Amino acid sequence: MGMTITEKILAAHAGVDRVRPGELVECEVDFLFANDITAPLAIREFEKLRVEKVFDRNKVALVPDHYAPNKDIRAAEQCMILRAFAREQEIPWYYEIGRMGVAHVLLAEEGLVVPGDLFVGADSHTVNHGALGAFATGVGSTDLAAAMATGRLWFKVPESMRFEFVGELKPWVTGKDLILWIIGRIGVDGARYRAMEFTGPALAQLSMDQRFTLTNMAVEAGAKNGIMNPDEVTLEWVRPRAKRPWKVYRSDPDAEYASNTVIDCSHLEPVVAMHPSPGNVVPVWEARHIEIDQAFIGTCTNGRIEDLRLAARVLEGQTVHPHVRLIIIPATPRIYRQALEEGLIKIFLDAGAAVGTPGCGPCIGGHMGVLGEGERCISTSSRNFIGRMGHPKSEAYLSSPAVAAASAVLGRIAHPDEVVKRVAVGR
Amino acid sequence: MRYRGKAWKLGDHIDTDVIIPARYLVTTDPQELARHCFEDLDPTLHEQIQPGDIVVAGENFGQGSSREHAPIAIQALGVRCVLAKSFARIFYRNSFNIGLPLLECPEAVDGTETGDELEVDLAAGTIHNLTKGQLYHAHAIPPFMLRLLQVGGLINYVREQLQAGRGVQGL
């Protein structure tokens with residue numbers, strides 16, 4: 001019996017020939033990171049271990065993306081803890097604002113995570129990097145502290161679920177729609193403790209930007225990791241960026257899966273996850289009665305250049321509805337610059353959008369667009385739980401950048417077709 | 001490791017955003033986090049839950065973010081144990097890593113209401129609902145997780161391993 005890509009990476013990092021689902025293994029970690037919310041706790045726990053130095057200063061990144069630029073004095077103090085630790089430990093991968101972006105987009109873009117890696121981050125959306133063919137999973141601060149000290153961490157080998165995409169994607173159907181559709185179908189715990197492996201001819205046609213959105217939200221189905229077998233699209237993306245050698249693992253044809261699901265993309269429509277769960281997924285057409293106060297385009301889920309191009313295609317020549325605040329945040333400075341050079345930022349400003357500095361922005365309801373009581377926001381982020389984006393009685397709806405942009409123009413949840421004529425995306 | 005306390009029953013899919021909203025994640029102080037625990041679910045709950053009480057919940061408790069502040073806040077309320085039908089995976093690791101025991105037992109959750117007196121024996125994996133006179137057997141806590149609880153969490157465990165010269169976590 002063969003192994004899945006997830007099993008192969010875990011086995012290789014545990015120094016064994018094979019692993020089986022359910023087994024506990026101790027693995028070497030290739031790279032790890034924490035942010036300004038999780039690192040202060042991780043650093044405190046690390047200090048309790050009385051180990052002077054991190055296991056390898058070149059394998060640690062600290063990214064203050066959540067509440068930086070500092071939203072208040074206490075956020076400033078948390079960022080100071082990261083900065084001081086990075087200097088004391090001589091960690092080269094500390095990112096000050098101006099160079100900082102949303103960690104999941106930034107670390108991939110910087111080539112610090114490569115195919116075949118075992119990568120952990122004290123942030124649940126670390127699963128994002130599985131699109132590169134790496135085993136990437138989110139852990140808490142204590143796990144991260146232990147890994148920072150020893151370079152090792154224990155894992156339970158997950159069973160894998162296989163999702164095969166076939167058929168032609170309709171216009172305006174994006175990676176976001178595919179993953180929301182799956183979560184809507186299997187539920188927010190449908191992949192709990194499991195690996196979600198995405199494959200198939202329709203996936204092969206998707207760009208890396210679209211693929212990252214898919215693996216990014218595997219955690220919203222409860223998965224331990226989301227992963228894809230690297231192909232030529234992956235390697236073309238990796239070659240100019242990688243800061244380390246990489247290794248390509250691919251699932252064996254006779255690998256064993258807990259489930260096999262074939263998804264015919266030609267039937268799928270753009271979708272929205274209704275408040276208050278990423279699992280409440282309906283076609284956009286069924287949500288058009290929902291009026292909105294704010295629209296947010298950005299985050300680790302959808303703040304990449306292709307997401308911004310998609311938003312610009314909808315917003316070009318349009319005006320944001322007078323009752324709506326549209327906030328657009330490129331995920332990293334590099335993406336911001338590219339959007340500027342491509343003229344996208346001008347399109348956004350002309351439409352009446354506010355363009356923010358890279359970071360997580362209003363995704364977690366802390367700053368840069370917090371919702372008041374009763375307010376509604378359509379967001380390209382990944383979570384819409386109660387109180388996620390502000391007041392416990394505010395509401396968040398999740399969608400692709402195209403749907404969020406169309407909604408910002410019409411003042412209610414809208415299909416992009418209602419604003420512009422049809423275009424094909426993501427090829 | 002036996003605990004006796006009053007049950008607080010919550011629903012399915014309780015996420016980390018309602019356990020501790022991100023707007024309060026500008027501190028790592030357990031007591032301060034505890035004052036906002038479950039705030040968006042019921043702002044009075046943190047005052048009602050007493051030290052020694054047991055939180056009882058449905059499926060997928062702790063879904064969402066990796067914030068360890070969530071189990072820290074629950075632990076700082078004095079909650080001795082969380083009993084649920086199932087747990088989200090990062091929350092599960094985080095809880096054992098900080099020494100907060102979790103038990104999975106769907107039958108016991110279904111048979112428990114808020115206010116019931118529960119007696120939990122972690123090593124035996126039993127849950128005794130003293131109010132209803134029912135005894136339940138939970139899924140056994142894996143030996144490695146029990147070991148983490150015995151030594152008071154992952155940091156103590158790793159420190160022991162490092163001192164023993166094993167250099168690694170020594171599963």
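**Exercise 1. Helix α6 of chain A**

How many residues does helix α6 of chain A have, and what distance does it reach from its first C-alpha to its last?

*Solution.* The model is predicted.

1. Helix α6(A) covers residues 175–186, which amounts to 12 residues.
2. At 1.5 Å a residue, 16 Å is expected, and the helix reaches 17 Å from its first C-alpha to its last, which is close to that value.
3. The buried residues of α6(A) include Gly175(A), Lys176(A), Asp177(A), Leu178(A), Ile179(A) and Leu180(A). Ile182(A) and Ile183(A) are also among them.
4. Just after the helix comes Gly187(A), with a positive phi of about 90 degrees.

**Exercise 2. Helix α3 of chain A**

Compare the span of helix α3 of chain A with the expected span, and state what its buried residues pack against.

*Solution.*

1. Helix α3(A) runs over residues 73–89 and has 17 residues.
2. At 1.5 Å a residue these should span 24 Å; the end C-alpha atoms are 24 Å apart, so the two values agree.
3. A residue is buried when its relative accessible area is under 20%. By this cut-off the buried residues of α3(A) are Ala75(A), Ala76(A), Gln78(A), Cys79(A), Leu82(A), Arg83(A), Phe85(A), Ala86(A) and Gln89(A).
4. An α-helix has 3.6 residues a turn, so residues three or four places apart point the same way.
5. The buried residues of α3(A) pack against two other helices, α2 (39–48) and α5 (141–150), and against the strands β2 (31–35), β3 (60–63) and β4 (93–94), which belong to chain A as well.

**Exercise 3. The surroundings of Lys224(A)**

Locate Lys224(A) in chain A, decide whether this residue is buried or exposed, and list its contacts.

*Solution.*

1. Lys224(A) is placed in the loop between α8 (208–216) and β10 (225–228) of chain A.
2. Its relative accessibility is 3%, and therefore Lys224(A) counts as buried.
3. Neighbours within four places in sequence are left aside. In chain A, Lys224(A) is then in contact with Val127(A), Phe135(A), Ala136(A), Thr137(A), Phe155(A), Lys156(A), Pro158(A), Ala191(A), Tyr193(A) and Arg194(A). In chain B, Lys224(A) is in contact with Arg89(B).
4. Val139(A) lies 85 residues from Lys224(A) in sequence, yet the two C-alpha atoms are 9.7 Å apart in space.

**Exercise 4. Chain A as a whole**

Describe the secondary structure, dimensions and surface of chain A.

*Solution.*

1. Chain A has 14 helices and 18 strands.
2. Its C-alpha atoms fill a box of roughly 55 × 55 × 40 Å along the principal axes.
3. A compact globule of 427 residues would have a radius of gyration near 22 Å; the 20 Å of chain A agrees with this.
4. Of the 427 residues, 66% count as buried.
5. About 14,100 Å² is exposed, and carbon and sulfur atoms supply 49% of that area.
6. Among contacts between residues at least 6 apart in sequence, 76% join residues at least 24 apart.
7. There are 46 positive and 52 negative side chains, and the centres of the two sets are 1 Å apart.

**Exercise 5. Chain B as a whole**

Carry out the corresponding description for chain B, and judge whether the chain is as compact as a globular protein of its length.

*Solution.*

1. Chain B contains eight helices and seven strands.
2. Its radius of gyration is 16 Å, close to the 16 Å given by the globule rule for 171 residues, so chain B is as compact as a globular protein of that length.
3. The C-alpha trace spans about 50 × 40 × 25 Å along its principal axes.
4. Of the 171 residues of chain B, 62% count as buried.
5. The accessible surface is about 6,100 Å², of which 47% belongs to carbon and sulfur atoms.
6. Chain B carries 15 positive and 21 negative side chains, with the centres of the two sets 7 Å apart.

Definitions and conventions
Residues numbered from 1 in each chain as written. Chains lettered and ligands numbered in written order. Predicted model: local features only at pLDDT ≥ 70, side-chain atom pairs only at ≥ 80, totals over all residues. Heavy atoms only, no water. Helix = DSSP H or I, 4+ residues; strand = E, 2+ residues; numbered from the N terminus. Expected span 1.5 Å × (residues − 1). Buried < 20%, exposed > 50% of the residue type's maximum accessible area, 1.4 Å probe, protein only. Rg over C-alpha atoms; globule rule 2.2 N^0.38 Å. Contact = heavy atoms within 4.5 Å. Areas by Shrake-Rupley, 256 points an atom, 1.4 Å probe, with all protein chains shown as cover. Lys, Arg positive; Asp, Glu negative; His and termini not counted. Charge placed at Lys NZ, Arg CZ, Asp CG, Glu CD.
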